[in-house]
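Thanks for coming. I have one structure to go through today, so please have the sequence and the model open in front of you.

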Amino acid sequence: MSLVGYARVSTLDQDTALQQDALQRHGVRRLFMESGSGVGPRPQLQVALSTLRRGDTLVVWKLDRVARSLPDLLSIQGRLKAAGACIRSLTEPLDTTSPFGEFTFQVLGAVAQLERSMIRERVIAGQAAARARGKVWGRPRSMPDEDVAQIVAMWRSGAYLQRELADMWGVSVSCLRDSIHRFENRGRWRQ
């Protein structure tokens with residue numbers, strides 16, 4: 001029986017040191033760490049799960065470090081069962097060796113999924129409110145509205161190729177094409 005640790009932070013700016021220290025204090029000697037969203041691929045988690053043998057325990061700081069959706073969590077639970085292993089969270093009362101522990105595991109997974117969904121809803125609502133106030137995301141457009149209208153007119157005349165127009169305005173062909181596309185799809189350039 002061995003303790004296998006897994007630590008994950010959501011962004012490259014964050015650090016796993018807090019999780020590492022806690023896992024090592026609890027006897028973890030094999031530790032797998034990664035940075036990135038819990039939604040995308042987690043290669044180190046896959047390696048950690050593949051090393052588990054009968055009687056081993058996967059130890060995590062918190063359950064949401066392992067999975068962010070209930071289906072994902074249930075898939076991981078299936079892999080743990082198949083290996084004869086269990087999971088322990090250092091910050092949540094979790095023991096998957098009993099029926100009540102498995103139930104708690106699933107409830108905590110459902111709560112993590114709910115929390116993620118609520119955060120997503122708040123972000124979308126915040127973006128919509130900001131958009132309504134005139135907030136614009138992304139890089140500033142490199143071509144003024146009047147230039148785009150003139151470029152579209154010149155291009156439609158058939159007298160100029162896109163490469164020639166791009167050179168005349170000092171932009172890349174892809175920037176010019178994007179500007180034409182936006183202009184044609186919206187009928188006018190929006191800030």
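Where is the place of E102? The residue sits in helix α4. Before going further, note that this is a predicted model. E102 is partly exposed, with a relative accessible area of 21%; the cut-off for buried is under 20%, so E102 does not count as buried. Leaving out residues up to four places away in sequence, E102 touches Q77, K81, D95 and T96. For a sense of distance, take A17, which is 85 residues from E102 along the chain. The C-alpha atoms of those two residues are separated by 29 Å.

Staying on helix α4, which runs over residues 99-132, look at the aromatic residues. A pair of aromatic rings is described by the distance of the centres and the angle of the planes. The count here is one aromatic pair. That pair is F100 with F103, and it is tilted, at 6.2 Å centre to centre and 40° between the planes. Both residues lie in helix α4, three residues apart, about one turn of the helix. F100 has 62% relative accessibility and therefore counts as exposed. F100 and F103 also belong to a nonpolar patch on the surface, together with V107 and V111. The four residues have about 410 Å² of accessible area together.

Now to the interior. Which residues have the most contacts inside the largest nonpolar core? They are L52, L58, V66, L80 and I87, in a core of 20 residues. Four elements give two or more residues to this core: strand β1 (3-9), helix α2 (43-51), strand β3 (57-60) and helix α3 (70-83). The largest share, four residues, comes from α3. I87 is worth selecting on your screen. Not counting residues up to four places away in sequence, I87 touches T57, L58, V60, L63, V66, L80, L94, T96 and F105. T96 is also on the contact list of E102. There is a second, separate core of twelve residues, and M143, V148, V152 and I180 are among them.

Next, the charged pairs. How many salt bridges are there? The count comes to seven, and I will show three of them.

The side chains of D72 and R42 meet at 2.8 Å, N to O. D72 lies in helix α3 and R42 in the loop between β2 (30-35) and α2, so this salt bridge ties together parts that are 30 residues apart in sequence. Are these two residues buried or exposed? Both D72 and R42 are buried.

The second salt bridge joins E184 and R156, at 3.7 Å, N to O. E184 belongs to helix α7 (residues 173-186) and R156 to helix α5 (residues 145-156), so parts 28 residues apart in sequence are tied together by this pair. E184 has 38% relative accessibility and so counts as partly exposed, while R156 is exposed, with a relative accessible area of 54%.

The third salt bridge, between D167 and R163, has an N to O distance of 2.8 Å. Here both partners lie in helix α6 (residues 162-169), four residues apart, about one turn of the helix. R163 counts as partly exposed, at 46% relative accessibility.

To recap the charged pairs: D72 and R42 are buried, R163 is partly exposed, and R156 is exposed. That is what I have; questions are welcome.

Methods. Residues numbered from 1 in each chain as written. Predicted model: local features only at pLDDT ≥ 70, side-chain atom pairs only at ≥ 80, totals over all residues. Heavy atoms only, no water. Core = buried A, V, L, I, M, F, W, Y, C linked by side-chain atoms within 4.5 Å. Buried < 20%, exposed > 50% of the residue type's maximum accessible area, 1.4 Å probe, protein only. Contact = heavy atoms within 4.5 Å. Patch = residues over 30% accessible without salt bridge, like charges linked within 9 Å, V, L, I, M, F, W, Y side chains within 5 Å. Areas by Shrake-Rupley, 256 points an atom, 1.4 Å probe, with all protein chains shown as cover. Phe/Tyr/Trp six-rings, centres within 6.5 Å; stacked < 30°, edge-to-face > 60°.
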